[in-house]
Amino acid sequence: MSSLAAFSRVSTRRFKINFHLLGVRACGLATMGDGGAGKVTVQDVEKAAGRLAGHARETPVLTCGTLDALAGRKLFFKSENLQKSGSFKFRGAFNAISRLITSANQNPPPVVTHSSGNHACALALAAHQLGVTAHVVMPSTAPQCKKETVRGYGGNVIECVPTEQARVETMERIAQQEGAVYISSSQHPDVISGQGTMALELLRQVPDLDTVITPVGGGGMLAGVSLVMKALNPHIRVYGAEPELANDAATSLAQGKRCPLSYYPETIADGLRINMGPVAWPYIQEHVDDIICVTEDEIKNAMTLIWQRMKLVVEPSGVLGLAAVLSDSFKAREQEAKNVAIILSGGNLDLLKLPELLSL
Amino acid sequence: MMASAGKSYCISFQHIRAALPTITPFVTKTPVMTSSHLNQLANRNLFFKCENLQKTGSFKFRGACNAVSKVVASNQNQTANELSVVTHSSGNHAQAVSLAAKVQGVTAHIVMPTNSPAVKKEAVRSYGGQIVECEPTEQSRVDTADQVAKKTGATMVHPNQSPDVIAGQATMVFEILDQVEKVDAIVVPVGGGGMLAGISIAAKELCPHAKVYAAEPKNADDCAVSFTRKELTPLPAPPITICDALKTSIGPNTWPIIRDHVEDVITVTEEQIKAAMRLVWERMKLIIEPSSAVGVAAVLSDKFQSLPAASHQNVVVILCGGNVDLDNLPWM
């Protein structure tokens with residue numbers, strides 16, 4: 001792991017980091033390497049796949065006869081809970097840091113983010129593997145196990161009071177102080193193209209794929225997966241799955257403009273509480289066929305099915321795809337879908353909280 | 001340990017080789033998974049054969065499929081739906097036989113004690129098994145199964161002493177050798193010994209340099225005691241262990257194979273088992289039952305760690321099942 005002292009201060013004039021509350025635009029990175037805040041293409045995703053090879057896992061696609069019978073179709077579960085650091089976020093984080101290192105020429109800068117979730121763990125692990133220091137700003141109220149996981153992966157945890165403002169200001173201070181580059185969890189082209197690599201794998205792993213469904217929080221994964229699917233096989237239908245209690249993406253799609261929630265919603269799908277962001281939105285608007293909303297009970301039911309029938313540890317945010325596929329609205333919409341891929345996005349949760357998350 | 005020439009066991013490698021095409025249409029070829037974190041902890045390259053992802057949630061489906069197929073094949077003058085099988089089990093074997101029978105159009109009679117947990121009865125029913133209740137004693141289980149067999153003509157499928165079952169469990173070795181380039185050791189949890197015996201015979205033929213280790217709860221250590229005494233020594237009383245699937249003792253069919261093929265038996269404490277189970281859930285995101293955690297605990301144990309690393313570098317660990325009561329987890 002690189003020590004802080006080894007890095008020269010990278011001038012922050014090169015990086016225009018514009019902090020705008022939660023809709024943080026990672027313009028800094030966008031101006032490097034790809035010639036502007038340009039659109040992510042399938043070629044970018046293919047290059048990302050090349051960078052991830054040998055580092056991120058090509059996760060298995062698993063099936064379950066019982067769930068096929070319940071859904072009335074064949075389901076293919078892309079098991080990103082088995083990904084390094086326990087969620088798909090490792091793909092985007094690794095790709096973004098790799099590109100940063102390539103562009104930096106000599107001494108790559110440290111990286112910084114604010115997150116108490118999967119992105120924190122993913123960034124810490126990816127940075128560690130690439131020999132870069134990761135600073136992760138976490139609210140003091142973040143679960144102890146998450147802080148320990150980030151530290152275990154070699155990340156430097158900086159605690160702050162649990163307000164949005166404090167998170168952003170602390171991150172800005174660290175960025176200035178350490179010359180660290182901000183890596184957004186979902187709103188950066190290199191993160192989006194990293195997440196898109198799972199779509200390339202799916203196309204190889206599931207012949208005759210006709211439908212894909214992914215959870216949507218910030219929208220990085222849905223953006224990356226949808227752009228790849230529509231570029232390589234426009235007949236494949238792509239859906240997002242969202243908690244009804246955090247339905248900003250569904251509302252946005254219906255209204256034709258981004259409609260973020262003005263409050264932080266309560267849902268057991270804690271990874272999906274953030275709003276769909278401004279960088280992911282245009283991809284979702286262009287490529288996604290629909291976004292299906294599910295109730296908290298539907299989420300718990302899907303959790304129970306996956307834990308009991310598939311023997312996989314998947315967190316609540318990760319089961320949204322199954323909840324959506326089993327919902328009446330999906331069944332009504334998609335009578336023709338025969339081969340449906342569902343992304344199980346992650347498996348990081350506190351096992352002691354399990355009883356509250358299942359419908360037993 | 002070498003079997004002396006002329007010694008005959010209840011199965012041979014030919015049985016196992018014949019079982020492979022028989023069960024292939026029905027079973028899942030389960031993945032082998034790895035974990036950098038567990039590799040670091042064990043200081044080895046660990047390869048986890050994920051039989052928790054097998055149909056019905058445990059490896060037992062393999063043996064059950066083979067046994068049911070044999071019943072169908074031996075009764076060619078009858079249609080499948082005229083045939084039936086019977087077993088006494090409330091655990092993984094019950095579910096496995098139920099589904100194995102259902103997919104081949106055969107009826108399964110499952111003898112279960114009246115006090116079996118509702119969730120287990122429900123699981124058997126959901127796989128199409130027909131439950132016949134008995135008193136919660138060993139004698140009643142055996143007697144009731146006998147009665148069902150006499151009344152219906154059902155063939156008995158013993159959970160771990162049936163040669164067809166043992167041969168079926170062994171088929172996972174073919175898959176492992178397809179999936180793992182180099183195998184120095186295979187660590188196998190042991191209850192009745194069906195899986196351990198089957199794997200031992202297959203490994204001796206297919207990867208003779210690989211050493212087979214048994215992993216057992218200290219609280220149910222009949223295999224370890226038998227191995228040390230070189231004499232079959234069943235448990236004197238029902239054991240107390242969270243490994244509910246490993247409470248049976250090894251038997252007369254599995255013991256000679258184990259005695260002659262297994263390198264050693266490693267026993268682990270209840271605490272080691274719970275810790276290993278939680279480790280796999282948290283780091284590998286796989287749901288394994290306590291009996292599966294026994295193999296993981298064994299590989300992390302002092303005894304295994306003291307084995308020479310060079311000759312025990314690439315270790316396959318069988319994660320044999322994932323049927324666990326989510327309402328009743330050991331760390332809650």
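How many residues does the contact take from chain B and from chain A? Here are some notes to read alongside the model, which is a predicted one.

1. To take that opening question: chain B brings 25 residues to the contact and chain A brings 23 residues. Between them, chain B and chain A bury about 1,800 Å², with 64% of it on carbon and sulfur atoms. On the chain B side, please look at Lys285(B), Ile287(B) and Leu326(B): these supply 35% of the area that chain B buries against chain A, more than any other three residues.

2. Now the polar side of the interface. The count of salt bridges between chain B and chain A is 0. Polar contacts do turn up, though: 9 residue pairs across the interface qualify, with both residues at pLDDT 80 or more. Helix 12 (residues 270-284) of chain B gives the most to the side of chain B that touches chain A, namely 5 residues. By residue class, that side of chain B divides into 12 nonpolar, 8 polar and 5 charged residues.

3. Turning to the fold of chain A, you will find an open sheet of 6 strands in the order 1-2-10-7-8-9, with mixed pairing. Strand 1 (61-62) and strand 9 (290-294) of chain A are its edge strands, each pairing on one side only. Strand 8 (residues 237-243) of chain A runs parallel to strand 9 of chain A, and 5 bridges join the two. For a landmark along this pair, try Pro243(A), which stands opposite Val294(A) in strand 9 of chain A.

4. Helix 12 (residues 296-310) of chain A packs on that sheet, where it touches strand 1, strand 2 (74-79), strand 8, strand 9 and strand 10 (339-344) of chain A. The direction of this helix makes about 90 degrees with that of strand 9 of chain A.

5. In chain B, 6 strands form an open sheet in the order 1-2-10-7-8-9, and the pairing is mixed. Its edge strands, each paired on one side only, are strand 1 (32-33) and strand 9 (264-268) of chain B. Strand 8 (residues 211-217) and strand 9 of chain B run parallel and are joined by 5 bridges. Here Glu216(B) stands opposite Thr267(B) in strand 9 of chain B.

6. Which helices should you view against the chain B sheet? One is helix 9 (residues 194-206) of chain B, which touches strand 7 (185-189), strand 8 and strand 10 (314-319) of chain B and makes about 160 degrees with the direction of strand 7. Another is helix 12 of chain B, lying across strand 1, strand 2 (45-50), strand 8 and strand 9 of chain B and running at about 90 degrees to strand 9. This helix 12 of chain B is also the one that gives the most to the side touching chain A.

Note on methods: Residues numbered from 1 in each chain as written. Chains lettered and ligands numbered in written order. Predicted model: local features only at pLDDT ≥ 70, side-chain atom pairs only at ≥ 80, totals over all residues. Heavy atoms only, no water. Contact = heavy atoms within 4.5 Å. Buried area = accessible area lost by both parts, 1.4 Å probe. Salt bridge = Lys/Arg side-chain N within 4 Å of Asp/Glu carboxyl O. Polar contact = N/O pair within 3.5 Å; in protein donor to acceptor, adjacent residues only side chain to side chain. Helix = DSSP H or I, 4+ residues; strand = E, 2+ residues; numbered from the N terminus. Nonpolar A, V, L, I, M, F, W, Y, C, P; charged D, E, K, R; others polar. Pairing = 2+ DSSP bridges. Axes fitted to C-alpha atoms, helices over the stretch in contact; angles between N-to-C directions.
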